[in-house]
Amino acid sequence: ASIMGALTVIALHLGRRSQAYNSLFLSAVIMVLINPFILMSDISFQLSFMSTFGLIALLPLWEQPLKKLPIIVRENLMVTLAAQVFTTPLILYYFGRFSVVAPFANVIFLPLIPMLMFISFIALGVSLIFYPLAVIFIAATWMISETLLRGVHLVAKIPFASMEIDFFDK
C-alpha cells in the first residue's frame, strides 16, 4: 500500500494521472525485485495483491447493481465480495476452508477497522505529547478491538460458518 501510495504521489507530482492497475503491478514488480521469494512463499503478499486486484477490477462493476442498498452496507459488501472473489482460490489452496459467513461478518465489522486505525493513530500522537491523555484513546482502541474480536468469534460459532474444502493436492 505504501509503495502504491508513493507511486501515486510521484505520478501526481509529474503531472500525470495515477492508474490503479499500473500502480498495483509496478508495486508488485518492485517488491519482487527487492525479494524474489515473496512471489511464491509469502501468502500475505499473494492475498494482498489479489484482494487489491479484486477491488480495482470489481468495485466499478458492482456499484450500479447494488446502488439501492444503504451506502454503508453497499460499500462494505462490495469491498468484501470483491476481495473475496479474488482471494478465495488462494484461501482454499493454502487453508482448505471456505467461510460462508465472511461477507455477513465483514459488512457488520468492517466499519470498526478505520475507526480503530484512526483512534490508534490519535493515541500514538497524543502519547508522544501527554501520555495521561493518551490513556483515554488507548482505552477506546482496546474497547473497539475487543468488540471486533468478540464479534468475530461469535459469528465464527454459527453452525456451518465455514466449510472444509480440501481438493488441492499439496
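This passage describes the overall make-up of a predicted chain and the packing of two of its helices. Local features need pLDDT of at least 70 and side-chain atom pairs count only at pLDDT 80 or more, while totals for chains, interfaces and linings use all residues. Residues are numbered from 1 along each chain as its sequence is written, and side-chain values use heavy atoms, with hydrogens and water left out.

The chain holds eight helices and two strands. These elements are DSSP runs numbered from the N terminus (helices: H or I, at least four residues; strands: E, at least two). Their order along the sequence is α-α-α-α-α-β-α-α-α-β. The C-alpha trace spans about 55 × 55 × 40 Å along its principal axes. Of the 170 residues, 28% are buried (under 20% relative accessible area, 1.4 Å probe, protein chains only).

Two packed helices are described by the angle between their axes and the distance between the axes. Helix H7 covers residues 112-129 and helix H8 covers residues 131-156. Their axes come within 8 Å and cross at roughly 160°. H7 is therefore roughly antiparallel to H8 (angles over 145 degrees). Axes are lines fitted to C-alpha atoms over the stretch in contact, and angles run from 0 to 180 degrees between N-to-C directions.

The contact (heavy atoms within 4.5 Å) involves residues of both helices. Among them are Leu-112, Leu-116 and Ile-119 of H7 and Phe-137, Ile-144 and Leu-148 of H8. By class, this contact has 17 nonpolar, five polar and no charged residues. Asp, Glu, Lys and Arg count as charged; Ala, Val, Leu, Ile, Met, Phe, Trp, Tyr, Cys and Pro count as nonpolar; the others, Gly among them, count as polar.

Key
Angles under 35 degrees count as roughly parallel, over 145 as roughly antiparallel, 65 to 115 as roughly perpendicular and the rest as oblique. Buried means under 20% relative accessible area, exposed over 50%, partly exposed in between (1.4 Å probe, protein chains only).
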